[in-house]
Every structure is written in structure tokens, then in C-alpha cells.
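This report describes how the secondary-structure elements of one chain are arranged. The account begins with strand pairing and then turns to helix packing.

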Amino acid sequence: KVGDRNYGEAIKLLKQKFKICEKPIGTLEHIRLKDFFSDELEEEKYLSERLLSVEESSYVMTNNEKLFEKHKELCVDKSIKLIKSAAMADVEVLEKMAEFSLIKTNNSTLALWAGLLSGSKVAFEDPKLEQTLCWAQGLS
């Protein structure tokens with residue numbers, strides 16, 4: 001069995017390995033699509049509903065930028081900014097996510113890692129992931 005101390009040390013090492021922002025600011029809406037949905041209609045419906053609830057001046061990151069572009073008119077009056085991440089490596093996406101003080105996500109484990117490494121608050125749709133993040137942040 002590995003003790004909590006070893007977990008905390010491993011988290012500290014990971015923080016050093018990645019380029020994590022010291023003082024995260026702003027809100028990121030991380031909207032995971034494609035493989036999170038069984039069909040395109042379900043995916044499109046979720047995106048439309050989610051974009052209507054995005055707060056003003058937020059940033060959005062998604063793994064389906066093409067679909068976002070199709071629905072971006074829902075964000076025009078809110079000054080929403082899309083972070084283009086299609087060409088980014090997974091590590092770069094994680095580092096970019098960690099720049100935000102609040103990450104709202106539909107249960108992305110990449111968002112969990114960004115929150116853990118940056119100390120950012122992450123709002124999940126599944127409360128179990130939020131509990132997991134709180135537990136892990138308590139170890140670091």
C-alpha cells in the first residue's frame with residue numbers, strides 16, 4: 001500500500017514537470033464532445049444547451065471545434081472566446097486548462113488533472129469526480 005505522503009510527493013513532481021500557471025485566472029468551459037456521445041444529434045443538442053448557459057467573457061475549449069463554429073452564434077453577445085486546441089498535444093491542452101481558476105466540464109478527466117496540478121476549482125457534472133479531485137488536492 002502506498003501512503004498518502006507518497007501520493008503528495010508524486011503530485012508535486014508532476015506539477016514541476018508540467019508548465020503550470022502560478023496564478024490561474026478566469027473561467028474555462030471545457031466541453032468534451034465526440035466520444036462522450038452516442039450520436040451527432042445528441043452531441044449537437046448538448047453543445048447548444050451548454051453554450052446557452054456559458055457565462056459572459058468565458059473561454060471555451062472543445063474537442064469538436066467544427067461543431068462549435070456551427071453554433072457560435074449562441075455566444076456572440078457574451079464575448080465568448082474559443083481556444084483552438086485541435087493542433088495541441090494532450091500535454092499542451094492540460095497546461096492551457098490549468099491557466100484558469102475555474103474549469104467547468106462535462107466530466108473530463110483531463111480537467112481533473114488540470115485542476116489537481118493547478119489548484120483550480122473544477123465543476124463536474126458527476127459529483128464523484130468532484131469528490132475525487134477534492135481528495136487528491138488534499139494530498140498535495
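In what sense do S4 and strand S5 pair, and over how many bridges? In this predicted model, S4 pairs with S5 (residues 121-123) in the parallel sense, and three bridges join them.

## Sheet order

The strands form an open sheet of five, in the order S3-S2-S1-S4-S5, and the pairing is parallel. Strand S3 (81-82) and S5 are the edge strands, each of which pairs on one side only.

## Strand pairs and residue registers

Strand S1 (residues 27-31) pairs with strand S4 (residues 102-105) in the parallel sense over four bridges. The register of this pair places threonine 27 opposite leucine 102 in S4. Leucine 102 in turn stands opposite lysine 121 in S5.

On its other pairing, S1 runs parallel to S2, again through four bridges. Here histidine 30 stands opposite methionine 61 in S2. The pairing of S2 with S3 is also parallel and consists of two bridges. Tyrosine 59 has lysine 81 in S3 as its bridge partner.

As a general point, side chains in a regular strand alternate between the two faces of the sheet.

## Crossover connections

Three β-α-β connections can be followed along the chain. S1, helix H2 (residues 40-53) and S2 constitute a right-handed β-α-β unit. From S2 the chain passes through helix H3 (residues 65-71) to S3, and this β-α-β crossover is right-handed. S4, H5 and S5 likewise build a right-handed β-α-β unit.

## Helix H4: the sheet and helix H5

Helix H4 lies across three strands, namely S1, strand S2 (59-62) and S4. Relative to S2, H4 runs at about 160°.

H4 (residues 90-97) also packs with helix H5 (residues 109-118): their axes come within 8 Å and cross at roughly 55°. An angle between 35 and 65 degrees falls outside the roughly parallel and roughly perpendicular classes, and H4 and H5 are therefore oblique to each other. The crossing of H4 with H5 is right-handed. On the H4 side, the contact is made by Asp90, Val93, Leu94 and Met97. H5 contributes Leu110, Ala111, Trp113, Ala114 and Leu117. Classified by residue type, the contact of H4 with H5 comprises eight nonpolar residues, no polar residues and one charged residue.

## Helices H5 and H6

How do H5 and H6 lie with respect to each other, roughly parallel or roughly antiparallel? The axes of H5 and helix H6 (residues 127-137) come within 10 Å and cross at roughly 25°. Angles under 35 degrees count as roughly parallel, so H5 is roughly parallel to H6. The two helices, H5 and H6, cross in the right-handed sense.

Which residues of H5 meet H6? Leu112, Gly115 and Leu116 of H5 meet Leu129, Thr132, Leu133, Ala136 and Gln137 of H6. This contact of H5 with H6 divides into five nonpolar and three polar residues, with no charged residues.

## Summary of the arrangement

H5 takes part in several of the features described above. H5 belongs to the β-α-β unit with S4 and S5, comes within 8 Å of H4 between axes, and comes within 10 Å of H6 between axes. S4 pairs with S1 and with S5, and H4 lies across S4 as well as S1 and S2.

Key:
Residues are numbered from 1 along each chain as its sequence is written. This is a predicted model: local features need pLDDT of at least 70, side-chain atom pairs count only at pLDDT 80 or more; totals for chains, interfaces and linings use all residues. Side-chain values use heavy atoms; hydrogens and water are left out. Axes are lines fitted to C-alpha atoms, for helices over the stretch in contact, and angles run from 0 to 180 degrees between N-to-C directions. Angles under 35 degrees count as roughly parallel, over 145 as roughly antiparallel, 65 to 115 as roughly perpendicular and the rest as oblique. A crossing is left-handed if the near helix is turned anticlockwise from the far one by less than a right angle, and right-handed if clockwise. Contact means heavy atoms within 4.5 Å. Ala, Val, Leu, Ile, Met, Phe, Trp, Tyr, Cys and Pro count as nonpolar, Asp, Glu, Lys and Arg as charged, and the others, Gly among them, as polar. Two strands pair if DSSP finds at least two bridges between them. A crossover is right-handed if, with the strands pointing away from the viewer, the path from the first strand over the helix to the second runs clockwise.
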